[in-house]
Amino acid sequence: EENGHENKRLKRDVDEEDVEDQNKKSPKRKIVLLMAYSGKGYHGMQRNVGSSQFKTIEDDLVSALVQSGCIPENHGEDMKKMSFQRCARTDKGVSAAGQIVSLKVRLIDDILEKINNHLPSHIRILGLKRVTGGFNSKNKCDARTYSYMLPTFAFAHKDHDVQEEVYRLDKETLEKVNKLLACYKGTHNFHNFTSQKGPRDPSAKRYIMEMYCGEPFVRENIEFAVIKVKGQSFMMHQIRKMIGLVIAIVKGYAAESIIERSWGEEKVDVPKAPGLGLVLERVHFEKYNRRFGNDGLHEPLEWTEEEEKIAVFKEQYIYPTIINTEREEKSMVNWLNTLSIHDFNSSVVGMQANNKNSKNSSDLEGSDGCDDDSD
């Protein structure tokens, strides 16, 4: 027995020495991780340290980083020590196919495999790249691309009796949708597309590079389409309101002129499409890539080799979650039924009541994580 205890103690001492040796061999380095996740059941990406009531994606990520030995356990509670920064904050229920986080880690052997072994299957680390010591994934990001997957019956005119599973989007309606989405391109004052920003707030001006709806496709007998939007940054609710207003116009509830009017000083009642379907597709680092991508020391932050893994993850985890939740919970059908109560020529008084209601809503959109966009 004594020999047994002695052997266990010796083994423990050897294990601790191995960890110390591993730490010496694995100095901390600044890296970025390419993440994909299905956001259903999570209260967004960003951690709320000290609040275990609302589970976030980062809770699972930090736990996996500690358990795999990439970061010291005592740093798990304070990720600032690891210079941790997410590129985009996605909110409750929002998924991501190309989220980027930057942090310092110990570059252990088989690092991706070891981190993924401690993550649930609906959260994956798909890639890793070394970056400059001063790199910050939020500040160095030039643009973000989101997608929004929705059933095409959302575009059926309000005067037509529509059976959801039978509806198919015709070419003329798709052209109208794309003509309206293209109106958003350029720099506009989006104060009506978020809450708590006045028309003269400079931060309400946002630059949209592209926005379009792709060709429809059928899944589980329902026809869906995907809207893509690329912009420098987005405010809370902005994307969902941009899409909500286009749906209201195509369905015949609002005139086309309302888009132009919404950029003016008056308050306009802009409906907010459901959060289900919103996905952070990718983040762009064009300036960083031009400066450091070909300096011989760092790689450009492009993920062409990971594209196939991203596509497989979306097909396996993101799209089925959106489709099944839509079928079970009918979030789009229920939301479309509320469009008739919006007053698209409403006064400021009407809007104040509407804003009060929207502030009470706990359903949040994925915004870009800038300080002025936090909830």
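Two residues are in contact when heavy atoms of each lie within 4.5 Å. The exercises below concern a predicted model.

**Exercise 1.** Determine which residues Thr-325 is in contact with, leaving aside its neighbours within four places in sequence.

*Solution.*
1. Locate the residue: Thr-325 belongs to helix H8, which covers residues 307–329.
2. Set aside the neighbours within four places in sequence; the contacts of Thr-325 are then Lys-40, Leu-276 and Lys-330.
3. Examine Lys-40 further: its side chain forms a polar contact of 3.3 Å with the side chain of Thr-325.

**Exercise 2.** Decide whether Thr-325 is buried or exposed.

*Solution.*
1. Recall the cut-off: a residue is buried when its relative accessible area is under 20%.
2. Apply the cut-off: Thr-325 has a relative accessible area of 7%, and therefore it is buried.

**Exercise 3.** Describe the position and surroundings of Asp-91, for which UniProt gives the feature "active site" in an unreviewed entry.

*Solution.*
1. Find the element: Asp-91 sits in the loop that links strand S2 (85–86) to strand S3 (95–106).
2. Judge the accessibility: the relative accessible area of Asp-91 is 5%, so this residue is buried.
3. Identify a partner: the side chain of Asp-91 makes a polar contact of 3.3 Å with the side chain of Arg-89.

**Exercise 4.** Establish where Tyr-146 lies and whether it is buried or exposed.

*Solution.*
1. Consult the record: an unreviewed UniProt entry lists Tyr-146 under "binding site".
2. Find the element: Tyr-146 is part of strand S5, residues 143–151.
3. Judge the accessibility: Tyr-146 counts as buried because its relative accessibility is 0%.

How values were computed:
Residues are numbered from 1 along each chain as its sequence is written. This is a predicted model: local features need pLDDT of at least 70, side-chain atom pairs count only at pLDDT 80 or more; totals for chains, interfaces and linings use all residues. Side-chain values use heavy atoms; hydrogens and water are left out. Helices (H or I, at least four residues) and strands (E, at least two) are DSSP runs, numbered from the N terminus. Buried means under 20% relative accessible area, exposed over 50%, partly exposed in between (1.4 Å probe, protein chains only). A polar contact is a pair of N or O atoms within 3.5 Å; within protein, one must be able to donate a hydrogen and the other to accept it, and residues adjacent in sequence count only if both atoms are side-chain atoms. UniProt positions are given in the numbering used here, feature names are shortened, and annotations may be inferred rather than shown by experiment.
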